[in-house]
Amino acid sequence: MSIQKIARMAGVSVATVSRVLNNSESVKPKNRERVLQAIKECQYQPNLLARQLRTARSSMILVLVSNISNPFCAEVVKGIEEEAEKNGYRILLCNSGADMARSRSALKLLSGKIVDGIITMDACAKLPELATMIGAAPWVQCAEYADNGEVSCVGINDADAARCVIDRLVERGCQRIAMINHDLSYKYARLRECGYQSGLQAQCLSYGKVEYACDLSFSAGKTAMQHLLNAPERPDAVFAVSDTLAAGALLAIHEAGLKMPQDIAVVGFDGTELAEMVTPPLSTIEQPSQAMGREAVRLLLNRIDNPDSPPESVIMDWRYISRASA
């Protein structure tokens with residue numbers, strides 16, 4: 001099936017079909033609908049290589065994530081893919097496992113012109129090395145960002161969200177609020193811990209125990225919670241920096257014969273579907289994960305179309321969801 005036949009079926013010019021395929025806004029809505037219907041009926045697949053040679057673009061975006069098994073990351077990627085497809089792009093997903101060698105290998109796609117830009121979700125500590133490898137290519141950092149403002153980014157105010165958790169737990173009478181954190185090379189982990197500490201200080205609470213999970217997994221959350229339960233002074237509430245860690249904490253508390261939230265209240269972070277699946281359902285800070293992914297694509301496409309535009313920083317809204325665990 002050729003573009004010429006699509007034009008004949010739709011009753012429009014070849015140029016109009018080309019503009020539709022390239023997502024041009026100059027096409028009349030009626031003509032666009034006719035072209036799209038003809039494409040659908042014929043199951044037309046454009047020649048991507050020919051388009052790349054013609055436009056000097058691949059219409060591909062590289063997405064680097066450190067752990068795709070993290071439910072939050074998976075939801076962000078859904079938003080990225082949805083928005084990319086709306087704009088005529090496809091994504092190449094690289095699960096780097098926080099391994100710079102794997103990231104370096106994936107980033108070779110930039111020099112080979114296989115992708116037009118990159119969205120990363122790597123730790124802030126890795127950004128200088130990533131910046132060296134990425135160079136001047138269009139780049140957006142999602143859910144994690146540097147302080148220098150040199151890279152477009154999208155995220156939430158992690159410190160404010162963490163302080164909100166402390167305030168909510170104190171409202172229900174909790175006085176010994178512990179924290180389960182993760183890797184401090186991630187800025188979100190540092191900011192959430194900062195918010196936790198400042199929240200305790202504002203509430204004049206002297207207890208402040210932080211347990212660091214070895215990784216961002218259910219089993220690591222369970223182990224961290226067991227350490228807190230075995231401490232000389234047991235907490236009456238726990239704030240975990242992810243729903244996955246919090247889910248592991250719930251099991252440890254249950255296996256210890258304690259009740260939630262009567263003996264220990266638990267609050268997670270991210271607002272993933274997992275928070276509704278566990279028992280008891282998990283109170284959590286909900287991040288607009290898919291919306292963050294969509295916004296990251298918007299920022300990236302702006303960088304692709306306007307290479308000299310200044311970097312943008314977008315801080316999105318979050319909300320506290322109260323459920324039976326707290």
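Of the 326 residues of the protein, 50% count as buried, and the model in which they are counted is a predicted one. The protein has 13 helices and 12 strands, and its C-alpha atoms fill a box of roughly 75 × 40 × 30 Å along the principal axes. The exercises below take up individual elements.

**Exercise 1. Determine how the buried residues of helix α7 are placed around its axis.**

Solution. Begin by listing the buried residues of α7, which spans residues 127-134: they are L127, L130 and I134. Around the axis these residues cover an arc of only 60 degrees, which puts them on the same side of α7. The general background is that an α-helix has 3.6 residues a turn, so residues three or four places apart point the same way. Next, turn to the face of α7 that looks away from the buried side, where the exposed residues P128 and T132 are found. Finally, follow the chain just beyond α7, where G135 adopts a positive phi of about 65 degrees.

**Exercise 2. Classify the packing of helices α2 and α3 as roughly parallel, roughly antiparallel, roughly perpendicular or oblique, and describe their contact.**

Solution. First take the geometry: α2 (residues 14-21) and α3 (residues 29-42) pack at an angle of about 80 degrees, and their axes lie 10 Å apart. Since angles of 65 to 115 degrees count as roughly perpendicular, α2 and α3 are therefore roughly perpendicular to each other. Then identify the residues that make the contact, which are T16, V17, V20 and L21 on the α2 side and N31, R32, V35, L36 and I39 on the α3 side. Sorted by character, the residues of this contact comprise 6 nonpolar, 2 polar and 1 charged.

**Exercise 3. Work out the strand order of the open sheet of 6 strands, and find which helices pack on that sheet.**

Solution. The order of the strands is β7-β6-β8-β9-β10-β12, and their pairing is mixed. The edges are formed by β7 (210-212) and β12 (319-321), each of which pairs on one side only. On average, neighbouring strands of this sheet are turned by 20 degrees against each other, with direction ignored. At the β7 edge, β6 (residues 177-181) runs parallel to β7 and is joined to it by 3 bridges; I180, for instance, has E211 of β7 as its bridge partner. Helix α8 (residues 158-171) packs on the sheet by touching β6, β8, β9, β10 and β12, and its direction makes about 160 degrees with that of β9. Helix α9 (residues 187-202) also packs on the sheet, touching β6, β7, β8 and β9, with a direction at about 175 degrees to that of β6.

**Exercise 4. Locate D167, and decide whether it is buried, partly exposed or exposed.**

Solution. D167 has its place in helix α8. With a relative accessible area of 31%, D167 is partly exposed, the limits of that class being 20% and 50%. To place D167 further, compare it with Q203: the two are 36 residues apart in sequence, and their C-alpha atoms are 7.7 Å apart in space.

**Exercise 5. Describe the pairing of strand β11 with β5, and say which residues of β11 lie on its covered face.**

Solution. Strand β5 (residues 152-156) is joined to β11 by 4 bridges, and the two strands run parallel. Within this pair, I156 stands opposite M316 of β11. As a general rule, the side chains of a regular strand alternate between the two faces of the sheet. In β11 (residues 313-316), V314 and M316 form the covered face, whereas S313 and I315 form the uncovered one.

Technical notes: Residues are numbered from 1 along each chain as its sequence is written. This is a predicted model: local features need pLDDT of at least 70, side-chain atom pairs count only at pLDDT 80 or more; totals for chains, interfaces and linings use all residues. Side-chain values use heavy atoms; hydrogens and water are left out. Buried means under 20% relative accessible area, exposed over 50%, partly exposed in between (1.4 Å probe, protein chains only). The arc is that of the directions from the helix axis to the C-beta atoms. Axes are lines fitted to C-alpha atoms, for helices over the stretch in contact, and angles run from 0 to 180 degrees between N-to-C directions. Angles under 35 degrees count as roughly parallel, over 145 as roughly antiparallel, 65 to 115 as roughly perpendicular and the rest as oblique. Contact means heavy atoms within 4.5 Å. Ala, Val, Leu, Ile, Met, Phe, Trp, Tyr, Cys and Pro count as nonpolar, Asp, Glu, Lys and Arg as charged, and the others, Gly among them, as polar. Two strands pair if DSSP finds at least two bridges between them.
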